[in-house]
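Q: Hi! Could you walk me through this protein in plain words?
A: Happy to, have a look first.

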Amino acid sequence: MGCDGGTIPKRHELVKGPKKVEKVDKDAELVAQWNYCALSQEILRRPIVACELGRLYNKDAVIEFLLDKSSGKALGKAAAHIKSIKNVTELRLSDNPAWEGDKGNTKGDKHDDLQRARFICPVVGLEMNGRHRFCFLRCCGCVFSERALKEIKAEVCHTCGAAFQEDDVTVLNGTKEDVEMLKSRMEERRLRARLGKKVKKPKAAESVSKPDVSEAANASSSGKAGKPPCGAPKRSIAASEESEAYKSLFTSHSSAKRPKEESAHWVTHTSYCF
């Protein structure tokens, strides 16, 4: 069967062995992680943001994803944990003076050195190409190499001077262990934020009810408190202890009561009588 014409098949053509596991090119993986957006797969362009898991995105791509979360986007899984624009931090990156980019590529025949990084660490000078661990501060967005943070220990940012805590340090494109640790931090942070909102709501309701009580107390202490209750008998002006001049202002006073002889007769007329 087959093998006509004197052809002799070899063993590997007849016997199928196990499939070889395709190895991922590490250099290509590093280039994809550090030079392309994790959401749109386009080249990174400023403004560049990073999520709480340390992935790099174009800010425009994140905004488009938040406005249109269609289920048909397969790449949307990479940003499923991003619920709002507050979940990402805009990065403050330091340009690499040795990176030329497309400046000399006028004819389109220039070789792009993808190993040359666009950004560097502003403290140590290491290139941000994936061969060195880099991290950013969530409080200010400044990016440094991990070596810089370890060698120059400080409680403030080396660039802008903003104070930061250990929880603010986020590793960029870290290992699986780093991603798991950052994910647990993210969940704890969001849980604390939700609990904080629930605690603030009862306090806000109490603060709204307290002014009403204080207004009622002030009203009772002012002249409004002098009003008698509904069922209390009315107090006459004549029986009060006010002065005679004050009492004469009211019709119930004796000076206002005159006999009929002294009362005047008012006559009204119209112009039609004349």
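What follows is a chat about the overall fold, one ring pair and two single residues.

Q: Before we start, what kind of model is this, and how are residues numbered?
A: It is a predicted model, where local features need pLDDT of at least 70 and side-chain atom pairs count only at pLDDT 80 or more, while totals for chains, interfaces and linings use all residues. Residues are numbered from 1 along each chain as its sequence is written, and side-chain values use heavy atoms, with hydrogens and water left out.

Q: Cool. How many helices and strands are there in the protein chain?
A: The protein chain has 6 helices and 8 strands. Helices (H or I, at least four residues) and strands (E, at least two) are DSSP runs, numbered from the N terminus. From that end, the order is α-α-β-β-α-β-β-β-β-β-α-β-α-α.

Q: And what share of the residues counts as buried?
A: Of the 274 residues, 24% count as buried. Buried means under 20% relative accessible area, exposed means over 50%, and partly exposed is in between (1.4 Å probe, protein chains only).

Q: New topic: how many aromatic pairs does the structure hold?
A: It holds 1 aromatic pair. W34 and F134 form it, edge-to-face, at 6.4 Å centre to centre with 70° between the planes. For this, rings of Phe, Tyr and Trp (its six-membered ring) pair if their centres lie within 6.5 Å; planes under 30 degrees apart are stacked, over 60 edge-to-face, and the rest tilted.

Q: Why does that pair tie together parts that are apart in sequence?
A: Because W34 lies in helix α2 (residues 26-35) and F134 in strand β6 (residues 134-137), the pair links parts that are 100 residues apart in sequence.

Q: Are W34 and F134 buried or exposed?
A: Both W34 and F134 are buried.

Q: What is E146 in contact with, leaving aside neighbours within four places in sequence?
A: E146 is in contact with R133, F134 and C135, where contact means heavy atoms within 4.5 Å. E146 is found in helix α4 (residues 146-151), and at 22% relative accessibility it counts as partly exposed.

Q: Last one: where is N58, and which backbone nitrogen does its side chain reach?
A: N58 sits in strand β2 (residues 56-58), and its side chain reaches the backbone nitrogen of R45 at 2.8 Å. N58 counts as buried because its relative accessibility is 8%. Leaving aside neighbours within four places in sequence, its contacts include C37, S40 and P47.

Note on methods: Polar contact = N/O pair within 3.5 Å; in protein donor to acceptor, adjacent residues only side chain to side chain.
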